[in-house]
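Please open the model in your viewer and keep the sequence panel beside it. The tour below goes from one selection to the next and says what is to be found at each stop.

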2 protein chains.
Amino acid sequence: MNALSYALLSVLNRKPFTGYELKKMMELFWQAKYSQIYPLLTKLEQDELLTFELIGQTSKPDKKIYSITEKGVAALKEWVIHEPASTPVMRDEFLVKLYAIGLTDPETARRIFNERLAAKNTNLARLQKEIDLMESQPDAGLTDMTSKLFGRYLLYKRKFRLEKEEIEWVNWAMSFIPQ
Amino acid sequence: MNALSYALLSVLNRKPFTGYELKKMMELFWQAKYSQIYPLLTKLEQDELLTFELIGQTSKPDKKIYSITEKGVAALKEWVIHEPASTPVMRDEFLVKLYAIGLTDPETARRIFNERLAAKNTNLARLQKEIDLMESQPDAGLTDMTSKLFGRYLLYKRKFRLEKEEIEWVNWAMSFIPQ
DNA sequence: TCCCACATGTAAGTGGTTACATGATTTG
DNA sequence: CAAATCATGTAACCACTTACATGTGGGA
């Protein structure tokens, strides 16, 4: 089984979702397209790691709400505890451009940095909003490791800190662009 | 042309390298295996974006030192300036495990965090060493955007800051694991 | 003595993206 | 009146990984 399978299982371990919802829920830590998610959910269901309930809808397409099975939880647990995590892969075209930034003029360089800054700021605001929402629930148990929200909360906090740090770096880097 | 092509061109824009060396030089901002790099270099050479000089060696295998052509520089410049950078993709299995960390016991959770910490600390030391080396050259012009080392320097500084921030986050996160 | 660095490649397979197909309801 | 949201899927293609193949010299 591949990492995407475990990403799906780990979200469903919190609570049941449709394939459509799963994509959004995973976005923070694993990105995948529907064309990859839907066939994999079918496969995981055939392997009895998931079950689904078909919900007929009138004004919207019918949907399948997936739940993790006991077998699914066991498989996820086994993977989390015993499989070594492979080294992270990061593919960011901005970094490639940055390496070659000297080819451009200062105006272009500033534009490239500013685009990055805008994207990071948008992202930061989204994260802040989500964190505020989580923290506003007094008894959510966000810092209780047995809570189903614990991992998700840590993940948001991590991403927030990293985005903030990158924004500071961009501002530092831009100070070397003339004018 | 794909992003890997531009990653190769951007390294060769600094100076000529073999395929073997290119892998290492790119590691900071784009990861690829030899099995992907070598055939692509052949293709880029056929497209006249690169040329190579064949160096016969006795005690080691022969090698091809690749250089970027004028056409290659033009293609790279065009891409950097006019192509919008696609949104970054990050695939990090540790984050998947983190999401499901509540499934484990405190001991396992601590182990997973400590492994992450160790990896990040090793990385940080490597980056620090490289940065020290760069900064020890007084007239390298690291903060001069027309210098061929400018992009590389900014990239190292960025990675360093982000690794450091993640280490701080891990330490914060670990404080919620009992005992 | 065994592993690592050097050095380049092919073949097969998996993972991931893009394009296509369908269609009502809600929001700007 | 157009675009986004909800909702699921297939087919074709491209990007990337794993396994295989070859061979010398130097350091632990």
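Begin in chain B of this predicted model, and select B:Glu48, which sits in the loop that runs between helix H3 (34–46) and strand E1 (50–55) of chain B. The backbone here deserves a look, since phi of B:Glu48 is near 65 degrees, a positive value in a residue other than glycine. Is B:Glu48 buried or exposed? With 12 other C-beta atoms within 10 Å, B:Glu48 is exposed, because a residue with 12 or fewer such neighbours is placed in that class.

Now move to chain A and select A:Gln179, in the segment after H7 of chain A. A:Gln179 likewise is not a glycine and has a positive phi, of about 65 degrees, and A:Gln179 is exposed, with 5 other C-beta atoms within 10 Å.

In the segment after H7 of chain A you will also find A:Ile177, which counts as partly exposed, with 18 C-beta neighbours inside 10 Å. Leaving aside residues up to four places away in sequence, A:Ile177 touches A:Pro106, A:Ala109 and A:Arg110, and also B:Met145 of the other chain. For a sense of distance, add A:Gln46 to the selection: its C-alpha atom and that of A:Ile177 are separated by 56 Å, and the two residues are 131 residues apart along the chain.

Next, select helix H2 (residues 19–26) of chain A and colour its buried residues, which are A:Leu22, A:Lys23 and A:Met26. If you look down the axis of H2(A), these buried residues fall within an arc of 105 degrees, so they line one face of the helix. An α-helix has 3.6 residues a turn, so residues three or four places apart point the same way. The buried residues of H2(A) pack against helix H1 (3–12) and helix H3 (34–46) of chain A.

From there, select A:Leu8, which touches A:Leu22, A:Leu40, A:Leu41 and A:Leu44, when residues up to four places away in sequence are not counted. A:Leu8 is also among the residues with the most contacts inside the largest nonpolar core, together with A:Ala7, A:Leu9, A:Leu12 and A:Leu76, and this core has 38 residues. H1(A) provides the largest share of this core, 6 residues. A second, separate core has 37 residues, and among them are A:Ile112, B:Val11, B:Phe29 and B:Leu44.

Show both chains now, and turn to the contact between them, which takes 54 residues from chain A and 54 residues from chain B. Which element gives the most to the side of chain A that touches chain B? That element is H7(A), with 13 residues. By class, this side of chain A has 31 nonpolar, 11 polar and 12 charged residues. Of the interface residues of chain A, 100% are also interface residues in chain B, so the copies meet through the same surface.

Finish by selecting E3(A) and strand E3 (residues 89–91) of chain B, which pair in the antiparallel sense over 3 bridges. Within this pairing, the bridge partner of A:Met90 in E3(B) is B:Met90. To see how the copies are related, lay chain A on chain B, which takes a turn of 180 degrees and a shift of 0.0 Å along the axis and gives an RMSD of 0.0 Å. That is the relation of a two-fold axis, and in chain A the C-alpha nearest the axis is that of A:Met90, 2.3 Å from it.

How values were computed. Residues numbered from 1 in each chain as written. Chains lettered and ligands numbered in written order. Predicted model: local features only at pLDDT ≥ 70, side-chain atom pairs only at ≥ 80, totals over all residues. Buried ≥ 20, exposed ≤ 12 C-beta atoms within 10 Å, placed from the backbone. Helix = DSSP H or I, 4+ residues; strand = E, 2+ residues; numbered from the N terminus. Arc of directions from axis to C-beta. Contact = placed C-beta atoms within 7 Å. Least-squares fit on C-alpha atoms with pLDDT ≥ 70 in both. Core = buried A, V, L, I, M, F, W, Y, C linked by C-beta atoms within 7 Å. Nonpolar A, V, L, I, M, F, W, Y, C, P; charged D, E, K, R; others polar. Pairing = 2+ DSSP bridges.
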